[in-house]
Amino acid sequence: MTGVSFVIVYPITRTQWVLGKVGKDSAAAKYAAATESNKLSIENGKPYAELWMGTHPSLPSKDVQTQRSLLDLVQDNKALMSTKIINKFGEKLPFLFKVLSIRKALSIQAHPNKKLAEQLHAKDPKNYPDDNHKPEMTIAITPFDGLCGFRPLKEISHFLATVSSLRDLIGEEAAKDFEDIVSGRETSSDVQDMQRNKKALQSAFSALMTKDKDTIAAAAKDLVGSAEKDGDKFAGGGGPSNGGKELADLVIRLNSQFEGDVGLFVLFFLNYVKLAIGEAMFLKADDIHAYLSGDIMECMASSDNVVRAGFTPKFQDIPTLTSMLTYSYAPISEQKMNPVDYPYVTLNRTAYSSSSSAILYDPPIEEFSVVKTELNGKEAKATFEAIEGPSIIICTLGSGKISVGPKTEQVKAGYVFFVGATAECVLESDSENFTTFKAFCELSGKETANGAS
């Protein structure tokens with residue numbers, strides 16, 4: 001196997017989520033069904049939520065020709081990973097690449113940092129199946145919305161003052177303590193002010209999360225009633241980031257999915273974000289979030305650890321969640337990513353003249369980066385320089401060819417390829433629009449990144 005640097009793999013779907021998009025509405029299902037050896041026949045009434053690409057032992061991808069798992073292949077031929085990557089991360093891909101197709105809200109959750117992951121795995125391996133951290137990046141491939149990170153403190157104070165059921169649930173004393181501590185210091189950059197603000201936020205949020213379910217359900221009835229009745233005036237007309245009608249519609253929608261859930265109140269603490277196609281956000285370990293709807297490319301450190309606390313019937317670990325969060329607060333604009341042109345690709349004349357592009361989403365961690373390539377027009381070509389690390393490439397639109405060394409394969413939407421370290425890769429379009437996403441790991445230039453955040 002020493003000469004192998006390029007294999008076609010088929011990704012693995014997870015269909016058990018009732019929260020996934022149904023039938024052919026699911027991008028995860030359509031991409032999975034494109035690979036014939038996957039033998040997936042899409043059922044119209046069945047939800048399809050996730051497509052996994054990588055070497056994670058729960059659902060490793062497989063070589064189309066040999067049916068061997070990608071995990072076996074990279075462990076058998078270490079040159080596919082490179083010595084540098086293996087020395088840093090072991091004999092497996094350091095990232096997990098996914099397509100998520102979300103119809104109903106996913107759980108309110110956070111992923112532990114490396115140290116906490118090790119502690120949780122040792123203590124409770126059933127609910128925390130590995131010892132790795134899980135920073136992750138989300139790139140929208142259809143319009144997406146979600147909750148991400150704590151809102152600016154002024155917005156939270158506004159909702160405590162205007163949403164009576166929220167204030168009653170947290171309690172007058174806890175709400176007043178929060179307001180008194182942060183008032184006038186909401187945007188202070190003084191270290192002591194910020195520490196006090198975070199402690200106040202933790203106290204108020206914990207007061208909400210530790211309320212019993214019956215109390216939350218009763219308060220939720222009042223909240224939903226106000227949302228249905230008040231319209232534009234709901235929540236004092238909303239905050240700077242979201243209008244009253246938008247928030248009212250969101251409460252009604254989420255209540256139809258998870259009636260009486262604490263998440264209906266959590267949304268007043270968290271940023272409500274909408275991503276257009278191509279927009280992205282990065283979530284560090286210990287960042288709270290909940291994905292609500294849309295199709296996304298998701299790349300993360302190779303872990304399946306999730307600490308949940310709302311919008312889910314699964315195991316919830318509220319004490320861990322409320323103690324682990326960073327309680328950083330900021331507008332969503334600070335978590336959205338700013339992709340840049342990828343410097344290690346050459347576009348041919350046809351690609352240049354048709355405004356083709358290769359843009360880099362590069363989070364501040366070592367495990368992964370992602371390049372989105374859009375080739376517009378037939379014979380548009382992108383030649384990627386060899387890198388000292390492995391890559392996984394998926395086509396999401398159109399058709400074309402991929403060449404690695406002497407080997408060329410046809411590509412269409414849903415096809416997935418693994419490219420080993422130090423191999424040049426060429427993509428060429430044979431359609432008007434040919435879009436791919438490439439997840440890769442290369443340590444050069446990232447040696448100072450905080451991979452253990």
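1. In this predicted model, strand 21 (residues 399-404) is paired with strand 24 (residues 425-429) in the antiparallel sense, and five bridges join the two. Within strand 21, Gly-400 lies opposite Ser-429 of strand 24.

2. Strands 21 and 24 belong to an open sheet of five strands. The order across this sheet is 16-19-24-21-22, and the pairing is antiparallel. In general, strands of a sheet pair through backbone hydrogen bonds, in either a parallel or an antiparallel sense.

3. The edges of the sheet are formed by strand 16 (345-347) and strand 22 (407-412). Each has a single partner strand, so one side of each is left without a neighbour in the sheet. From one strand to the next, the twist averages 20°.

4. A separate point concerns two helices. Helix 7 (residues 172-182) packs with helix 8 (residues 191-209) at an angle of about 165°, and their axes are 9 Å apart. Because angles over 145 degrees count as roughly antiparallel, helix 7 is roughly antiparallel to helix 8. The crossing of helix 7 past helix 8 is left-handed.

5. On the side of helix 7, the contact is made by Ala-174, Phe-178, Ile-181 and Val-182. Helix 8 contributes Arg-196, Asn-197, Ala-200, Leu-201, Ala-204 and Ala-207. Sorted by class, the contact of helix 7 with helix 8 comprises eight nonpolar residues, one polar and one charged. The charged residue is Arg-196 and the polar one is Asn-197, both of helix 8.

Technical notes:
Residues numbered from 1 in each chain as written. Predicted model: local features only at pLDDT ≥ 70, side-chain atom pairs only at ≥ 80, totals over all residues. Heavy atoms only, no water. Axes fitted to C-alpha atoms, helices over the stretch in contact; angles between N-to-C directions. Helix = DSSP H or I, 4+ residues; strand = E, 2+ residues; numbered from the N terminus. Parallel < 35°, antiparallel > 145°, perpendicular 65-115°, else oblique. Left-handed = near helix turned anticlockwise from the far one by under 90°. Contact = heavy atoms within 4.5 Å. Pairing = 2+ DSSP bridges.
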